[in-house]
Amino acid sequence: MYETDDFDFLPTASVTALETRAAVLRQLRDFFAQRGFLEVETPLLSRDTVVDLHLDPLAVTLTADPDRPSAGPRMWLQTSPEFAMKRLLAAGIPRIFQITKAFRADEQGARHNPEFTLVEWYRAGDGLHEGMDLLAALAGELLGASAVDRCSYRDAFQTCLGVDPLTASVEEFALAARNRDVVLPRSMSAATRDEWLNLLLAECVEPHLGKTRPLILFDYPASQAALARVRDEYPPVAERFELYVHGMELANGYHELLDPSVLMARNRAANAERAARGKCSLPEQSRLLAAMRYGLPACTGVALGLDRVLMAITGAKHIREVLAFPLDRA
Amino acid sequence: MATYKTSDFRKGLKVQIDGEPYLMIEMNFVKPGKGNALYKCKLRNLVRGTVLDRTYKGGDALEAADVQEIAAQYLYRQGETFVFMDNASYEQYELSSEQVGDYWKYLKEGLPCSMVLYNGNPITMSPPNHVELKVVECEPGAKGDTATNVTKPVKVETGAEFSGPAFLKEGNVIKIDTRTGEYVERVSN
């Protein structure tokens, strides 16, 4: 007689889904090989990590003494291979891609597993539009789409909500949310502009993106630049873009920030916000800063969530359907 | 009072909102772009049965519900009332068919289950993840049809109907996953 959990050894993905995964991996390698990209591998464990208010890396202790397994230097499981790949760019390799695992604490749901697969690439010389062109070409191939739409973050908000995300006040955001019967967290009374933008994006804008064919949303609010450069116009926008299919975000790209002093300032600001929310601070110094001081070539980079691509291809409603073993079976 | 942070949120959590106990019946984690996480929850009031939609931001917290969980077993049904017994105190507790919901399908005599008490009164119960039930009625399967992808309705001892493979016969004992209502395997002939 089986005990209750004796079936948990089984994969949650069907054999067909796993075959699709293998086919997509082959397709990706062909796509980048045809365009002269070098496939690279970089460490999953690093001394450095992205400093972001909303990205929580998993810490790993490198046990120095087997009798005290929790004592030793701390390293981070990468939330993306971004830092290491930019170091390779700075070292003079102009076109690189990688298919790797990434880890993000506390992210689990229908579209999230704390361990997931990222496809990430960088091409020196690309600006925002060349970066979007390359992403559109890849999305077209993987998803079998004849064309990929593009829409600015600002236009998307104005179409779906009638508010300007770059200039409207917090009160106008609150009114727009109430007019659309959005269920508001009580803690929204103390929310920042970016928290309002995120809530409205999730509840009112994202569901409409990429409905008939894939769509790239671009030119994000400057406050959400992350590692993208900000285009100095009025109002300023971050040269950042995301790919959507049926309301699901599949990829995130940046026309990359090159100035190490700006990155340092963003790291400090992100750590201050983390501290204000009771989150641990993350290392502000990194070898990426050293690479940027040495000279990172102008480039655009994109991270594509492979598991979500598979969800879009197979029509899966939950990420479990495309993973052999999600976290609870790992 | 214990509190749950958003990172503890999951289906089945019992929380206290505005002084009343709620069961988290759905929890959707949403995280747009690289923004803050949102936890979209459906919560059922454990006393009144009403359902509440609530969204929480990452970092929000909820109080744990002031409820007591006990190990019990199902005894019998009397009309629209289901009678259970506390395994420790032998005290009997009654739940209405509304409080039992779809779980009536699994309630055979002696079934171990967990019950939730609020202010000493029973408000809800849940069966184990897997329950074994005897098939009492089904169409005979086509001869030689051992494929598991062909299904038919089978009626079990509790009076409920499930979908199972065509090879099942009356008298078979089958295992059902109570979380999904799906057939798992045949336990005995």
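**Confidence in chain B.** I looked up where the confidence in chain B of this predicted model is lowest and highest. The low end is helix H1 (residues 97-100) of chain B, with a mean of 89. The high end is strand E8 (residues 81-86) of chain B, at 96. For chain B as a whole I noted a mean pLDDT of 90, and 96% of its residues reach 70 or more. I also wrote down the model scores: ipTM is 0.85 and pTM is 0.84.

**A:Asn198.** I turned next to A:Asn198 and found it in helix H6 (residues 193-205) of chain A. Is A:Asn198 buried or exposed? I put A:Asn198 down as buried, because its relative accessible area is 5% and the cut-off for buried is under 20%. Leaving out residues up to four places away in sequence, I listed what A:Asn198 touches: A:Gln224, and from chain B the residues B:Pro32, B:Gly35 and B:Asn36.

**A:Thr314.** My last entry is on A:Thr314, which sits in helix H9 (residues 306-314) of chain A. I recorded A:Thr314 as partly exposed, because its relative accessibility is 38%, and that class runs between 20% and 50%. Which residues does A:Thr314 touch, not counting those up to four places away in sequence? I found A:Thr20 and A:Val322. I then checked the side chain of A:Thr314: one of its polar atoms is 2.8 Å from the backbone oxygen of A:Leu310. Finally I compared A:Thr314 with A:Ala17. The two are 297 residues apart in sequence, and their C-alpha atoms are 7.1 Å apart in space.

Key
Residues are numbered from 1 along each chain as its sequence is written. Chains are lettered from A and ligands numbered from 1 in the order in which they are written. This is a predicted model: local features need pLDDT of at least 70, side-chain atom pairs count only at pLDDT 80 or more; totals for chains, interfaces and linings use all residues. Side-chain values use heavy atoms; hydrogens and water are left out. pLDDT is the predictor's confidence in each residue, from 0 to 100. Helices (H or I, at least four residues) and strands (E, at least two) are DSSP runs, numbered from the N terminus. Buried means under 20% relative accessible area, exposed over 50%, partly exposed in between (1.4 Å probe, protein chains only). Contact means heavy atoms within 4.5 Å. A polar contact is a pair of N or O atoms within 3.5 Å; within protein, one must be able to donate a hydrogen and the other to accept it, and residues adjacent in sequence count only if both atoms are side-chain atoms.
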